[in-house]
Amino acid sequence: HETNSEGTAPAMAGAMSAEPIPQDKISREDLLQAIEQQQITLAYQPKINCRTSLLAGFEALARWNHPALGPVGPDRFIPLAEHYGLIDQLTESVMIQALRWLAHLPRSLDESVEYDYLRRRLREITLSINISASSLNNTDLFERMAEYCQSMGIHPERLIFELTESCAMEDPTSSLDILTRLRMKGFHLSIDDFGTGYSSMLQLARLPFSEIKIDKSFVMTAAASKESRTVIKTIIELGHGLGLYTSAEGIESDETLEYLRSIGCDLAQGYAIARPMAPEAVLQWLSGGRLSDESSRMKVLRSL
Ligand code: C2E
Ligand code: MG
Ligand code: MG
Ligand code: MG
């Protein structure tokens with residue numbers, strides 16, 4: 001049957017209309033129901049190690065296929081959830097879904113022997129989850145998160161919480177305290193969309209981040225713009241100087257991937273590698289589907 005680029009079924013209605021959805025059409029009740037009934041699902045986008053091309057992990061990205069309005073993007077419903085005071089509930093639902101998915105991933109591959117290597121790797125890859133500033137203060141949420149991890153047999157070091165630069169820098173004093181406690185539980189922290197906010201370099205150095213993610217606005221324009229390349233190189237140098245992994249999002253061409261590799265970027269994410277995918281599409285991407293012939297399958301196994 002027909003699927004869109006993420007391998008999900010198209011919405012019954014609304015998907016065809018190019019009209020933007022006015023926010024006032026989405027009520028608090030609507031969104032609450034969507035969260036409670038798990039209408040908010042996740043797409044997963046891989047992140048690879050630039051140097052080895054090995055799969056490093058996935059980022060979970062929230063998706064909402066509204067029954068009447070069609071797909072609503074996270075850039076729209078995340079701010080709405082914050083506005084309606086539903087963000088903690090949404091974050092928890094995302095976390096539980098993502099953890100369950102990660103725990104089951106090695107088992108959901110075909111039973112064929114060739115995948116043993118891949119299955120082993122899937123027990124080690126990381127999972128990145130986006131966290132809103134307001135959820136950061138919810139210590140109970142992260143306490144429960146640590147418990148979920150334990151009950152599902154997932155080491156907390158495999159989870160990376162992505163915080164946007166502005167969110168982490170909002171209140172650096174309380175951030176230091178909260179982020180340090182999260183890091184002490186084992187979770188890793190990443191600064192998302194770096195280069196778009198206003199960071200104090202000193203605060204950045206003091207906060208317990210593991211990764212810095214270069215905003216896609218620079219990466220997407222790297223091939224055409226010398227200024228973007230200068231910004232990217234500077235962020236990589238800054239990140240490495242502070243002992244952080246550097247990651248680039250929004251890589252849309254092999255040329256840009258090659259460029260990032262050549263200047264020492266550690267991790268890469270973007271449409272040139274794979275789009276965010278529904279769980280079934282991830283399995284296809286990992287094991288079959290496009291890999292119907294033996295030679296291409298071997299190529300992917302080598303590259304993973
Ligand atoms: P983000 O965390 O910076 O995620 C990267 C965005 O870039 C995603 O958009 C992804 O689909 C898109 N992207 C990835 N590769 C490429 C590429 O090569 N080219 C281009 N043009 N775009 C690419 P998406 O999924 O629409 O998410 C938008 C934002 O919504 C995310 O930005 C994140 O800030 C937020 N978000 C998504 N899911 C969640 C969630 O569960 N919780 C919270 N708090 N925020 C979320
Ligand atoms: Mg992110
Ligand atoms: Mg980002
Ligand atoms: Mg973003």
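**Metal site, ligand shell and core**

Along the chain, the donors of the magnesium ion (ligand 2) follow the spacing E-x70-N-x31-E-x29-D, donors being N, O and S atoms within 2.8 Å of the metal (3.2 Å for Na, K and Ca), with water not among the atoms, so that sites may look incomplete. The model is predicted, and local features need pLDDT of at least 70, while side-chain atom pairs count only at pLDDT 80 or more. Residues are numbered from 1 along each chain as its sequence is written, and ligands are numbered from 1 in the order in which they are written.

The protein donors of this magnesium ion are Glu 59 (OE), Asn 130 (OD1), Glu 162 (OE) and Asp 192 (OD), at 2.0 to 2.2 Å from the metal. Distant parts of the chain are thereby linked, with Asn 130 in strand E4 (residues 126–130) and Glu 162 in strand E5 (residues 159–164) lying 32 residues apart; strands are DSSP runs of at least two residues (E), and helices of at least four (H or I), numbered from the N terminus. Asp 192 also bridges ligand 2 and a magnesium ion (ligand 3), the two ions lying 4.1 Å apart.

An oxygen atom of ligand 1 lies 2.9 Å from an N or O atom in the side chain of Arg 63, and one lies 3.0 Å from such an atom in the side chain of Asp 193. Strand E2 gives the most to the shell around ligand 1, with four residues.

Phe 161 touches, among others, Met 95, Ile 129 and Phe 187, contact meaning heavy atoms within 4.5 Å.

Definitions and conventions: Heavy atoms only, no water. Polar contact = N/O pair within 3.5 Å; in protein donor to acceptor, adjacent residues only side chain to side chain. Lists of a residue's contacts leave out its neighbours within four places in sequence.
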